[in-house]
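Let's walk through this structure together, moving from its strands to its helices and then to a few individual residues. Keep the 3D view open as you read.

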Amino acid sequence: MKILVTGSSGHLGEAMVRVLRASGHATVGVDLLPSPFTDSVGSIADRTFVARCCRGVDAIVHTATLHKPHVVTHSCQQFVDTNVTGTLNLLEEAVEASVDAFVFTSTT
């Protein structure tokens with residue numbers, strides 16, 4: 001099973017990538033920030049990027065979010081771009097790519 005994990009440079013996303021890879025799943029990590037667990041660097045607010053990441057994926061684990069600690073470091077628009085537009089892009093592209101499963105979660 002090939003699984004896309006968003007927010008793979010964050011605490012929750014990195015942990016998901018670690019566990020899924022250790023369980024033998026082909027896992028693709030995506031995030032704005034590079035890390036050892038991020039395979040594709042880009043924004044989920046970019047629908048073209050999301051479409052490319054969803055190709056050939058069986059499941060998506062969406063952990064990329066902005067939440068309370070980010071209030072002082074990010075604008076309201078960045079919250080909307082990530083939490084609303086990014087999630088909508090993932091859902092719509094999951095449908096387009098015939099992804100079988102979608103799990104949304106957040107540390108908050």
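Thr6 finds its bridge partner in β4, and that partner is His62. This pairing belongs to a ladder of four bridges joining β1 to strand β4 (residues 59-62), with the two strands running parallel. Please bear in mind as you look around that this is a predicted model.

Now turn to the pairing of β1 with β2. These two strands also pair in the parallel sense, over five bridges, and here Lys2 stands opposite Ala26 in β2. So is strand β1 enclosed or open to the outside? Four of the five residues of β1 (residues 2-6) are buried, so the strand is largely enclosed by the rest of the structure.

To follow the path from β1 to β2, trace the chain through α1: together, β1, α1 and β2 make a right-handed β-α-β unit. Helix α1 spans residues 11-22, and Met16 is found in it. How exposed is Met16? With a relative accessible area of 25%, Met16 is partly exposed, because buried would require a value under 20%. Setting aside residues up to four places away in sequence, Met16 touches Val5, Val61 and Thr63. You can also place Met16 relative to Thr27: the two are eleven residues apart in sequence, and their C-alpha atoms lie 9.4 Å apart in space.

Beyond β2 comes a loop that deserves a pause. Thr38 is found there, between β2 (26-31) and β3 (40-41). Is this loop residue buried or exposed? Thr38 is buried, with a relative accessible area of 11%. Its side chain takes part in a polar contact of 2.8 Å with the side chain of Ser9, and in another, of 3.0 Å, with the side chain of Ser35. Apart from neighbours within four places in sequence, the residues in contact with Thr38 are Ser8, Ser9, Gly29, Val30, Asp31 and Leu33.

Helix α2 (residues 47-54) is our next stop. Just at its start, a side-chain oxygen of Asp46 reaches to within 3.1 Å of the backbone nitrogen of Thr48. Within the helix, Phe49, Val50, Cys53 and Cys54 are buried. Why do these buried residues line one face of α2? Seen down the helix axis, they fall within an arc of 130°, so they share one face. The general geometry helps here: an α-helix has 3.6 residues a turn, so residues three or four places apart point the same way. After α2 comes Gly56, with a positive phi near 75°.

Let's finish by stepping back to the whole chain. Its secondary structure comes to three helices and five strands, and from the N terminus on, the elements run β-α-β-β-α-β-α-β. Of the 108 residues in the chain, 38% are buried. The chain exposes about 5,900 Å², and carbon and sulfur atoms supply 59% of that area. What share of the contacts with a separation of 6 or more comes from residues 24 or more positions apart? In this chain, they account for 57% of those contacts.

How values were computed: Residues numbered from 1 in each chain as written. Predicted model: local features only at pLDDT ≥ 70, side-chain atom pairs only at ≥ 80, totals over all residues. Heavy atoms only, no water. Buried < 20%, exposed > 50% of the residue type's maximum accessible area, 1.4 Å probe, protein only. Contact = heavy atoms within 4.5 Å. Polar contact = N/O pair within 3.5 Å; in protein donor to acceptor, adjacent residues only side chain to side chain. Pairing = 2+ DSSP bridges. Right-handed = clockwise from strand over helix to strand, strands pointing away. Areas by Shrake-Rupley, 256 points an atom, 1.4 Å probe, with all protein chains shown as cover. Arc of directions from axis to C-beta.
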